[in-house]
Amino acid sequence: MIRTGTPADIESVREIAHISWNDTYEGIIPAPIQLKFLEQSYSTPMLEMRMERTILLLAEQDGQAVGFANFTKVDEDGDAELIAMYMKPEHQRSGFGKKLLSDGLSRLKGGQQLFVYVESKNQKGRNFYEANGFLLLEEFEELFEGHPLQTAKYVFDLSGQAQ
């Protein structure tokens with residue numbers, strides 16, 4: 001089941017983010033940098049703000065949160081961004097990611113492009129986006145909390161969706 005996240009889901013979102021970040025970025029992003037980012041980006045005030053200003057969707061199985069996706073709303077240029085999509089490792093490759101993506105896309109009516117940024121070594125993430133119609137635009141190096149990372153920028157064409 002996919003539904004809109006509420007403030008009551010903050011602890012579940014935080015837990016999913018921590019578990020999936022540790023699983024995904026082990027050996028890519030040092031643990032102290034992961035922790036610093038997670039504490040800032042997934043604090044209660046930050047998640048409350050995200051729930052007010054963006055689209056935060058939760059995937060549930062048997063009443064338990066197993067993943068989430070966070071989309072910006074479509075801006076004046078017709079662009080939106082998939083800010084985050086994380087699934088507990090034991091629920092990856094179970095169809096929840098595709099359902100989260102599909103539900104999010106259905107909420108971006110009138111949009112032209114959906115962008116997502118993926119750490120270049122996150123092969124599971126890259127495979128998912130490529131299998132679901134995202135096209136690689138570029139790869140670039142950036143500093144993440146002072147740590148150099150290679151980032152892949154992808155785009156999904158929203159203009160072909162039923163408006």
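Visitor: Which residues of α1 meet which residues of α3?

Guide: I10, V13 and R14 in α1 meet T44, L47, E48 and M51 in α3, where contact means heavy atoms within 4.5 Å. The model is a predicted one, in which local features need pLDDT of at least 70 and side-chain atom pairs count only at pLDDT 80 or more, whereas totals for chains, interfaces and linings use all residues. Residues are numbered from 1 along each chain as its sequence is written, and side-chain values use heavy atoms, with hydrogens and water left out.

Visitor: What makes up the contact of α1 with α3 by class?

Guide: This contact has 4 nonpolar, 1 polar and 2 charged residues. Ala, Val, Leu, Ile, Met, Phe, Trp, Tyr, Cys and Pro count as nonpolar, Asp, Glu, Lys and Arg as charged, and the others, Gly among them, as polar.

Visitor: Why are α1 and α3 called roughly perpendicular?

Guide: Helix α1 (residues 10–25) and helix α3 (residues 44–53) pack at about 105 degrees, and their axes are 10 Å apart. The axes are lines fitted to C-alpha atoms, for helices over the stretch in contact, and the angle runs from 0 to 180 degrees between N-to-C directions. Angles under 35 degrees count as roughly parallel, over 145 as roughly antiparallel, 65 to 115 as roughly perpendicular and the rest as oblique. The pair is therefore roughly perpendicular. Helices (H or I, at least four residues) and strands (E, at least two) are DSSP runs, numbered from the N terminus.

Visitor: How do you know that R14 forms a salt bridge with E11?

Guide: A salt bridge requires a side-chain nitrogen of Lys or Arg within 4 Å of a carboxyl oxygen of Asp or Glu. The closest N and O atoms of R14 and E11 are 2.3 Å apart, so the pair qualifies under that limit. Both residues lie in helix α1, 3 residues apart, about one turn of the helix.

Visitor: Why is R14 called buried, and why is E11 called exposed?

Guide: Buried means under 20% relative accessible area, exposed over 50%, and partly exposed in between (1.4 Å probe, protein chains only). R14 has 17%, so R14 is buried; E11 has 52%, so E11 is exposed.

Visitor: What makes K124 and D23 a link between distant parts of the chain?

Guide: K124 forms a salt bridge with D23, with the closest N and O atoms 3.2 Å apart. K124 lies in helix α5 (residues 123–131) and D23 in helix α1, 101 residues apart. K124, at 47%, counts as partly exposed, and D23, at 33%, is likewise partly exposed.

Visitor: Why is no salt bridge assigned to K153?

Guide: Lys and Arg count as positive and Asp and Glu as negative, while His and the chain ends are not counted. The nearest side chain of opposite charge to K153 is E138, 4.1 Å away, so the pair fails the distance criterion. K153 is nonetheless buried. This lysine is placed in strand β7 (residues 147–157), and its contacts beyond four places in sequence include F115, Y117, L136 and E138.

Visitor: Why is G67 called buried?

Guide: G67 has 0% relative accessibility and therefore counts as buried. G67 lies in strand β3 (residues 64–71). Among the residues that G67 touches, not counting those up to four places away in sequence, are I16, L57, Y86 and L100.
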